[in-house]
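Hi,

Here is the structure I promised to pass on. Have a look at it first, then read my notes underneath.

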Amino acid sequence: MLLIPCPWCGERDETEFRYGGQAHLARPLDPHATGDAEWAEYLFMRDNPKGWFRERWNHAAGCRRWFNMVRHTVTHEIAAVYKPDDPKPELPE
Amino acid sequence: MTGFRLAQGGRIDRSRPLSFTFAGRAYRGFAGDTLASALIANDALLVGRSFKYHRPRGIYAAGAEEPNALMQLGVGERTEPNARATQVELYDGLTANAVNAWPSLEWDLGALTGLASGLFVAGFYYKTFMWPPAFWNKVYEPAIRRMAGLGTAPREADPDLYDKVHVHADVLVAGGGPAGLAAALAAAQAGADVLIADEQAELGGSLLSARATLDGWLRATLEELRGMPNVRLLPRTTVFGYYDQNYLCLLERRTDHLGPAAPAGISRQRLWHVRARQVVLATGAHERPLVFAGNDRPGVMLAGAVSTYINRYAVVPGKRAVVFTTNDGGYRTALDLAAAGAQVLAVVDPRPESAGDLPAQAHAQGIEILNGHAVVAASGGKRLDSVSVAKLGGGAARGVVCDLLAVSGGWSPVVHLFSQSQGKLRWDEAKHCFVPGTVTQAQRSAGAANGSFALGAALAEGFAAGAEAAKDAGFGGWRAPEPPEVDDPREAPPLALWQVPGAEGRGKAFVDFQNDVTASDLKLAAREGFESVEHLKRYTTTGMATDQGKTSNVNALAILSDATGRSIPATGTTTFRAPYTPVTYGAMAGRDRGDRLDPIRVTPIHPWHVARGAVFEDVGQWKRPWYYPQGGEDMHAAVRREAKAVRTSLGVLDASTLGKIDVRGPDAAEFLDRIYTNGFRKLGTGRCRYGLMCRDDGMVFDDGVTTRLADDHFFMTTTTGGAARVLEWLEEWLQTEWPHMKVYLTSVTEQWATVSFAGPRAGDVLRELSPALAVDEESFPFLSMREGVVAGLPARIFRISFTGEASYEVNVPSHHGLALWQAVMAAGEKHGITPYGTEAMHVLRAEKGFIIVGQETDGTVTPLDLGMDWIVSKQKDFLGKRSFARPDTSRADRKQLVGLLPADPAEVLPEGAQLVWDAAESPIRMVGHVTSSYWSPNLGRGFALALVKGGRDHHGKTILAPLAGKTVEARIVAPNFLDEGGKPLHG
């Protein structure tokens, strides 16, 4: 079980959070002007890296806020947490 | 009599004799004994029968690695299977039985399988028992289960208490041997918060088993640690799981050692959840068996275990002993045996010479040393009677009559926790063992767990690891104290001897005792192509069961590497999984049992439902009345009566569980417009609208009625089970996609109680309870809300309907809920008001063809599939709209919602039944399934809702539901059963 540093509340148990998948997916600004392939890409296709990953989490049983996290998918090391409008941090080496 | 108790020495308390029974016989032992040491003292070495061949097996080890001595402890509700006798502290009145002996330990019918042992080769599950097929269920499986079962689970509920503790620690030390104690001392002196856990009753580890102990240092260290406020010592506590981010789980056995004397009200076991900044693994090492014919005979024991029994428990497992060792450690056991008064007939050492200090001491004592020799076979039935010793590389075997054979094939560091932490192992060519290699967490290994088997080296590593761990946890600037002086003997290098040559043809040579896997099984599996170590494990079952291969894994993979011509590191190990030793379900559950398993949510009206004898249904965490049986009614009768009452007179439902979300802010209307498939911007104040919400892939996600309370204020309802999901969903869009929108969401599900009364008399009841309110059609139309006073209570009254009947949903603050319900019941009495539950509600809404999200939908159903295009806006955009134009979402042959009327009106189709056009074709094509199905008292027949491919084009056609033993015909109709004949919809 991870210990997740919510950017608003501090460190809390993973059980308080809900996973939100890959971060920084841009929803097409005009969905109806978006082709089927591009729309399907947005809907269904996600990165699945072995390594560092920027992903979304929601502190569902806490402050209810969404935030982003840089986590290593193998070691579960957490390199950064940041608010949705914070600048994207660089991925660690 | 061969095993015997020494008159002096050991750590037992001879002033406290204890009595116990094993396999129905009474024995005596002392405080400080384990069940195993007490059995050996009573010369009861035979403790079980083996898994497949039912061979007699004896105590083999002295700790967690014991493969044979599995005990069924106690009887009745407190019985515990598969306890290792080597880890069970003796208490007065303990009762134990062998887990795998039928009908008895001494006279075991299953041993006959030894005569048919050709049937039990590697992969026997997949070979022997496959033919004839009909035999598996009736003959093979019951027989295997009876013969091969490991222990019996209690049938009664566990009467004991269990606890959980959550703690943070700067440094967690796993293992309280010399290295662990040194690490804890160094870390604690540096100022770190230290938690040190050891599975045994006494801390000290290998120091407790040795003659040349550091007794003074051990006493002083324990005293110092106990006196430090920043140290927690946890004896009888196993670190059994090592998870991500230095999260570890520990099992503390608090009262198991007290037996019936355990005080009431004290939890039996405690599960510790520990988050540690730094971890020191000082988990020691396990000795490896040697593989030769008959190496499982009772009386063959690990050499280190023999020393432990002698030095710690003052019991000597035999009088005439042979030692067979590939390393200098076995000589220490020879010296221990000699000192204890046993006759050491020979030390058999396959190395060409024995150059270390310990062999020299043994030689000086006149113990015969047979270099370049090996034990090729051991013989005996329930007890070892002799061994055959032969020169390596050929030569005649010579028999030695003996009752104890102490074996040592070298040592394997206990790397279980290290591996669980995702650390990578490294094969040490000089020491012939896997040692911790690449570390992935904030952690270090020390002592034997790190391959440093000599005491001096282990202590030095322990102190260094403790000091470094403290430093990394923020407690630097402290120099670890110097380790105590230790005079370790000079040792010659060990030899790797994975299987004794010259043993072939002399009998079974076991690698895994608990699973009865022999060396030839492993070689056969390799020949048959099971060359991966993970395949080998599953095919032969080596390394499985309760000991998880603690003694067998390295030998097994070494034999596999030999058979496949690969190196040992290239062969690799199987995955080490938690728990290290078995953990009781009780400890995992803790207090979260029965009513505390999951929160139970009840409405303010719940006590009334209970008093009325309602049968409840779990909807998420909510308890909802399912139906209210009267005078011996069964469910069907009750539901018929309730559903009928709503259509003919008056019914009342507790709808308080519906999810309620307060939506407020200048952008609230625009926000709802984007969320719902239909429009909300133009909804008038005081008006209600049913809405569907979809995910962005166009699939229905939730539904409910939303009411406009003011220009910038809406009151949304959701499904009972979907409330939390919907709130999260709305927050997600507000926070991550549309952060500029000014909308605030508040869950108010618990703030309001909702009483919904429906039926032709509903208006009469409202008029009576709210005289000031105009209830006529014009002033209070369908799909509108009024604020007012109902039964003297401030209320919001919604005129909405989920049944098709005239109906009012009255919301009052929760604490008024019961009062409102009682007032409605009183006012409705003259109309025969009938409380109805969720089942009647489902029947009523299905008669109208109203969907339930999660029943008619499963995440793959669009509003168009449901025929709900009337609710899908053509003008505005909303979540999911784009996806309706995807090729897959707009296919003509998607499953669409239809009604079904079985040809036989008495038939009620089972929900989930598959639907086909042609039951005779092969393979049969499934074209749909039943989503809801009931008996309707209002239609006088069974009816169903279903999803059928292209179903809307097939109204009037007959579809088939092939069921067990029959095929039911049903006519496809529009999904609205009440208005089919043009009967108007009630509002």
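Below is what turned up, starting with the contact between the chains.

First, some ground rules: this is a predicted model, where local features need pLDDT of at least 70, side-chain atom pairs count only at pLDDT 80 or more, and totals for chains, interfaces and linings use all residues. Residues are numbered from 1 along each chain as its sequence is written, chains are lettered from A and ligands numbered from 1 in the order in which they are written, and side-chain values use heavy atoms, with hydrogens and water left out.

Chain A and chain B each put 25 residues into the contact (heavy atoms within 4.5 Å). About 2,400 Å² is buried between them, with carbon and sulfur atoms giving 45%; buried area is the accessible area (1.4 Å probe) that two parts lose on being put together, summed over both. On chain A's side, Met1(A), Arg27(A) and Arg64(A) supply 27% of what that chain buries against chain B, more than any other three residues.

There are six salt bridges between chain A and chain B (a side-chain nitrogen of Lys or Arg within 4 Å of a carboxyl oxygen of Asp or Glu). One of them joins Arg56(A) to Glu732(B), at 2.6 Å from N to O.

What kinds of residues make up chain A's side of the contact with chain B? They divide into 13 nonpolar, five polar and seven charged. Here Ala, Val, Leu, Ile, Met, Phe, Trp, Tyr, Cys and Pro count as nonpolar, Asp, Glu, Lys and Arg as charged, and the others, Gly among them, as polar.

Cheers
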